[in-house]
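Please walk me through this structure, beginning with the contacts between charges and aromatic rings, going on to the pairs of rings, and ending with the fold as a whole.

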Amino acid sequence: RIRLDEEGVPTRNYGGEYYYNPVLVAQHAMNLYGRHLSGEDTLSAFHAAIDRLLSLQDERGAFLYDFEWQYYLLDEPYEPGWVSGMAQGMALSALARAYHLTGDEAFLAAGERALDFLLTPVADGGVMDTMADLHPSLERYVIFEEYLAEPASYTLNGFMYTLLGVYDWSVVASSARAGTYFAAGVETLRNVLPYYDLGGFSAYDLGHITWGREPHIGVSYHSVHIYLLHALHHVTDDEVLAAYSETWASYVR
C-alpha cells in the first residue's frame, strides 16, 4: 500500500491511486531526523520529505489530504482537500525539527501558519473545537479534532499527537501562543480521559456518547494511547496522564 517517490518520500494507495498523506510524510521526516541524530546520513532525505510536506500546505496554513476518505461515522465521504488537527500537529513536529536543524526562517513562517490554522475554530473552517458536544458544562475545554463531524466525535489518538506537535513548536520556536494552547489542551485531556475508559480497554473516540453508537474499539490504538500518554507525561509531569497510562497498560498486561 506504500510506494516511495523518486526522492524516497512515501505515498499511499487510496482507492487505487497513490497520494501524499501529510501525516505519513511528517512521520517519515521525523523518522529520518531521529536516524540523523543516531549518526545515519539521512539529512538529504529529511529535507526532501520536508519540502514535500510544505507542498501540501495551502495559503491558510492547512495541510491538505488530496484524496477522498470515508469516515466511519458519516454517510458521505470527505471530499479531497479535507483537513485534520492531527495533520497540523504532526507537521508542526516535523517543521520544529527542520527549523531547529537549519534556523531557516521559511520553516518558522510555515509553522506559524500551521499553528494559525490549528487554532482556527471548527465553526470558522478550522480544526479547534470545544468539548461542548460531550456536555455543555465542558465548553471551556479546547480540543483539536482529527476528524470533523457534527456532533463532534473527539478522536483520542489524533488529539494527543496534535498536542505533542504544539508542544514541539512551543519549545523550538519559543512560541508563547503554542505554549498557552498546549497547557489548555493538556487540561482538557486530563479532565476527559475518564470518558474514554471502558473498564478494561480504551475507546478510540467518544462517538459512543456524542453519537449514541457502540464504543469504537481499535485494538492497536489502545497501545498507541498508552505510549502517547507516556510521552505527554514525560514533558508535563502530569500525574493524571501517568495514572491513565499505567491503568490502561494494566488492562492488557
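A charge is said to sit over a ring if NZ of Lys or CZ of Arg is within 6 Å of the ring centre and within 35 degrees of the ring normal. In this structure, which is a predicted model, the charged end of R3 meets that description, since it sits over the ring of Y18 at 3.8 Å from its centre. A second arginine, R52, places its charged end over the ring of Y20, 4.2 Å from the centre of that ring.

From charges over rings we can turn to rings paired with rings, of which a search of the whole structure finds 18 pairs. A pair of aromatic rings is described by the distance of the centres and the angle of the planes. For Y78 and Y147 the centres are 6.4 Å apart and the planes lie at 5°, so this pair is stacked. The pair links distant parts of the chain, with Y78 in the loop between α2 (43-55) and α3 (85-102) and Y147 in the loop between β5 (142-144) and α5 (156-172), 69 residues apart. Both Y78 and Y147 are buried.

The rings of Y204 and Y221 offer another geometry: their centres are 4.8 Å apart and their planes stand at 70°, so the pair is edge-to-face. This pair, too, links distant parts of the chain, for Y204 lies in the loop between α6 (176-196) and α7 (207-210), while Y221 belongs to helix α8 (residues 219-236), and the two are 17 residues apart. Y204 counts as buried because its relative accessibility is 5%, whereas Y221, with a relative accessible area of 30%, is partly exposed.

Which residues do ring pairs link into a cluster? They are Y14, Y19, Y65, F67, W69, Y71, Y72, Y78, W82 and Y147, so that the stacked pair of Y78 and Y147 has both of its members in this cluster.

These pairs are set in a protein chain whose secondary structure comes to 9 helices and 5 strands, arranged along the sequence in the pattern β-β-β-α-α-α-α-β-β-α-α-α-α-α. The radius of gyration of the protein chain is 18 Å, close to the 18 Å that the globule rule gives for 253 residues, so the chain is as compact as a globular protein of that length. Its C-alpha trace spans about 45 × 40 × 40 Å along the principal axes. Of the 253 residues, 51% count as buried, and the chain exposes about 11400 Å², 50% of which is supplied by carbon and sulfur atoms.

Definitions and conventions
Residues are numbered from 1 along each chain as its sequence is written. This is a predicted model: local features need pLDDT of at least 70, side-chain atom pairs count only at pLDDT 80 or more; totals for chains, interfaces and linings use all residues. Side-chain values use heavy atoms; hydrogens and water are left out. Rings of Phe, Tyr and Trp (its six-membered ring) pair if their centres lie within 6.5 Å; planes under 30 degrees apart count as stacked, over 60 as edge-to-face and the rest as tilted. Helices (H or I, at least four residues) and strands (E, at least two) are DSSP runs, numbered from the N terminus. Buried means under 20% relative accessible area, exposed over 50%, partly exposed in between (1.4 Å probe, protein chains only). The radius of gyration is taken over C-alpha atoms; the globule rule is 2.2 Å times the number of residues to the power 0.38. Accessible areas come from the Shrake-Rupley method with a 1.4 Å probe; for residues, only the protein chains shown count as cover.
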